[in-house]
Amino acid sequence: MTRFLGLTAILFLLHLADARAQEFMQITTIESVVPGGVGRSRMVTVDENGKMRDEKMKNFFSMVGINFGNIRENDQQITNKISELTQEGWELTHVTPGVYSGAESAGIFITRYLFRRDTE
């Protein structure tokens, strides 16, 4: 029994030595699907210290209908953010999409991107 406890303690200590401290960051994109371009689209970043920053994004619709140029710009903005964070050592670990529509002609696409990295 003592030998088993000693082995268990050694394995536990090896696990602790291998455990890495990590920090997390979340990016949330909220893309408006409100006709006429009256919606608000944002990229919200919550960093490892809990500080929040939001950046404007384009709405999916303009006054004349769906705006593929705006969608392309949003995609590029998201891709640039992911590339920037990857270069800083962050790893994208989870992507969670969601859709909300309170009416047939309005709604939002919300996507959450969870990043992590090992602390030094």
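So, the lining of the largest pocket: by class, that is six charged residues, three nonpolar and one polar. The model is a predicted one, and in it this pocket holds about 170 Å³ of space. Going round the wall, you meet Met-25, Thr-45, Asp-47, Lys-51, Met-52, Arg-53, Lys-81, Glu-84, Leu-85 and Glu-88. Two elements, β3 (52-57) and α2, each give two or more residues to that lining. Helix α2 provides the largest share, three residues.

Let me stay with one lining residue for a moment, Thr-45. It sits in strand β2, which covers residues 41-46. Is Thr-45 buried or exposed? Its relative accessibility is 9%, and the cut-off for buried is under 20%, so Thr-45 counts as buried. Leaving aside residues up to four places away in sequence, Thr-45 touches Met-25, Gln-26, Ile-27, Lys-51, Met-52, Arg-53, Glu-55 and Lys-81. Some of those names come back in the pocket wall, among them Met-25, Lys-51 and Lys-81.

Now to the core, please. Which residues make up the largest nonpolar core? There are nine: Met-25, Ile-27, Met-43, Met-57, Ile-78, Leu-85, Trp-90, Tyr-113 and Phe-115. Strands β1 (22-32) and β7 (106-118), along with helix α2, each supply at least two of them. In soluble globular proteins, nonpolar side chains tend to be buried together. Do look at Met-25 and Leu-85 on your screens: both belong to this core, and both also line the pocket.

Met-43 is another core member worth a click. Again not counting residues up to four places away in sequence, Met-43 touches Ile-27, Thr-28, Thr-29, Arg-53, Asp-54, Glu-55, Met-57, Gln-77, Ile-78 and Lys-81. Ile-27, Met-57 and Ile-78 in that list are fellow members of the core.

Stepping back to the whole chain, we have two helices and seven strands, in the order α-β-β-β-β-β-α-β-β from the N terminus. Of the 120 residues, 25% are buried. Among contacts between residues at least 6 apart in sequence, 52% join residues at least 24 apart.

Finally, how far should we trust all this? Across the chain, pLDDT averages 83, and 82% of the residues score at least 70. Where is confidence highest, and where is it lowest? Helix α2 (residues 68-87) has the highest mean, 96, whereas helix α1 (residues 2-18) has the lowest, 53. Where pLDDT is low, the predicted coordinates should not be read in detail.

Note on methods: Residues numbered from 1 in each chain as written. Predicted model: local features only at pLDDT ≥ 70, side-chain atom pairs only at ≥ 80, totals over all residues. Heavy atoms only, no water. pLDDT = per-residue confidence, 0-100. Helix = DSSP H or I, 4+ residues; strand = E, 2+ residues; numbered from the N terminus. Buried < 20%, exposed > 50% of the residue type's maximum accessible area, 1.4 Å probe, protein only. Contact = heavy atoms within 4.5 Å. 1 Å grid on protein atoms, 1.4 Å probe; cavity = no way out; pocket = protein on both sides within 12 Å on 5 of 7 lines; lining within 4 Å. Points joined across faces, edges and corners; volume = space filled by probe spheres on them. Nonpolar A, V, L, I, M, F, W, Y, C, P; charged D, E, K, R; others polar. Core = buried A, V, L, I, M, F, W, Y, C linked by side-chain atoms within 4.5 Å.
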